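Work through these exercises with the model open. Try each task before you read its solution.

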Amino acid sequence: MCGRYTLTKSPAAELNRVGISDPPDIPARYNVAPGQQVPAVVNEPELNGRRILRSLEWGLIPPWMKEKDQNRRLINARSETIDSKPSFRGAARHRRCLIPGDGFYEWARRGSGPKQPYYFHLKNRRPFFFAGIWEIWDGPKGEAIDSCAIVTTAPNKVTGTVHNRMPVILEDDAALKWMDGSITRVSLLKELFQPYPDSETYCFPVGTRVNSVSNDDEQCIVPLP
């Protein structure tokens, strides 16, 4: 799964490439966690599908869910079943999004102690997009929440040393294809669900400071000696 990520550098160039002109400044984040608001590129249905940057709550709430339950929020969607699971299939067809980031964390147990966090990023340190899906939830008390999940796939060799899943990372033409609203058959997008090349992926262990969502600073991504 992908349960924490970073956006430490401006993704303005990447946003421009997918049609977001003059994007706002996005504050650096070093420990983005589920339940928080995250920036995402969406095809806005109320604007004839025009692509915009908006804020979504990380942790998808299926539209049929009667109550907002933090314990049942879906932060990840498996690419292998995204078009068949009731919680995801509508969003996968009609409400795909791009979530800008430049790294993510995974945890592994090493020996008998607490799990060790690792930080993953591209070797060129360039920002990228996580493939995402989003939903509109209208609660019983009039709440309206737009929420999202990050799509995951099998790990590459680098991520596989720590965890058995990794987020789907998209760039350039792949990001544009994911956001093509004319494609409603998810089977036509399966080629995008490949693990990011291990030759372009780097990771290192970091301190347990990242374990607390209240910590969101550069110290979270400092490599352990």
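For the charge count, Lys and Arg are positive and Asp and Glu negative, while His and the chain ends are left out. The model is predicted.

**Exercise 1. Find how far apart the mean positions of the positive and negative charges of the protein chain are.**

Solution. Start with the counts: the protein chain has 30 positive and 26 negative charges. Take the mean position of each set. The two means lie 6 Å apart.

**Exercise 2. Compare the radius of gyration of the protein chain with that of a compact globule.**

Solution. Take the chain length, 225 residues. A compact globule with that many residues would have a radius near 17 Å. The protein chain has 17 Å, so the two agree. Now add the box: the C-alpha atoms fill roughly 50 × 35 × 35 Å along the principal axes. Then check the cover: buried residues make up 48% of the 225.

**Exercise 3. Decide whether the residues of strand β8 are buried or exposed.**

Solution. Locate β8 at residues 116-122. Buried here means under 20% relative accessible area. By that cut-off, 7 of its 7 residues are buried. Next, sort the side chains. Gln116, Tyr118, Phe120 and Leu122 point one way. Pro117, Tyr119 and His121 point the other way.

**Exercise 4. Identify the strands that pair with β8.**

Solution. Begin with β7, residues 103-108: it pairs with β8 in the antiparallel sense over 5 bridges. Tryptophan 107 has proline 117 of β8 as its bridge partner. Turn to β13, residues 201-205: its pairing with β8 is antiparallel, over 5 bridges. There, tyrosine 119 stands opposite phenylalanine 204.

Notes:
Residues are numbered from 1 along each chain as its sequence is written. This is a predicted model: local features need pLDDT of at least 70, side-chain atom pairs count only at pLDDT 80 or more; totals for chains, interfaces and linings use all residues. Side-chain values use heavy atoms; hydrogens and water are left out. The radius of gyration is taken over C-alpha atoms; the globule rule is 2.2 Å times the number of residues to the power 0.38. Buried means under 20% relative accessible area, exposed over 50%, partly exposed in between (1.4 Å probe, protein chains only). The place of a charge is taken as NZ of Lys, CZ of Arg, CG of Asp or CD of Glu. Helices (H or I, at least four residues) and strands (E, at least two) are DSSP runs, numbered from the N terminus. Two strands pair if DSSP finds at least two bridges between them.
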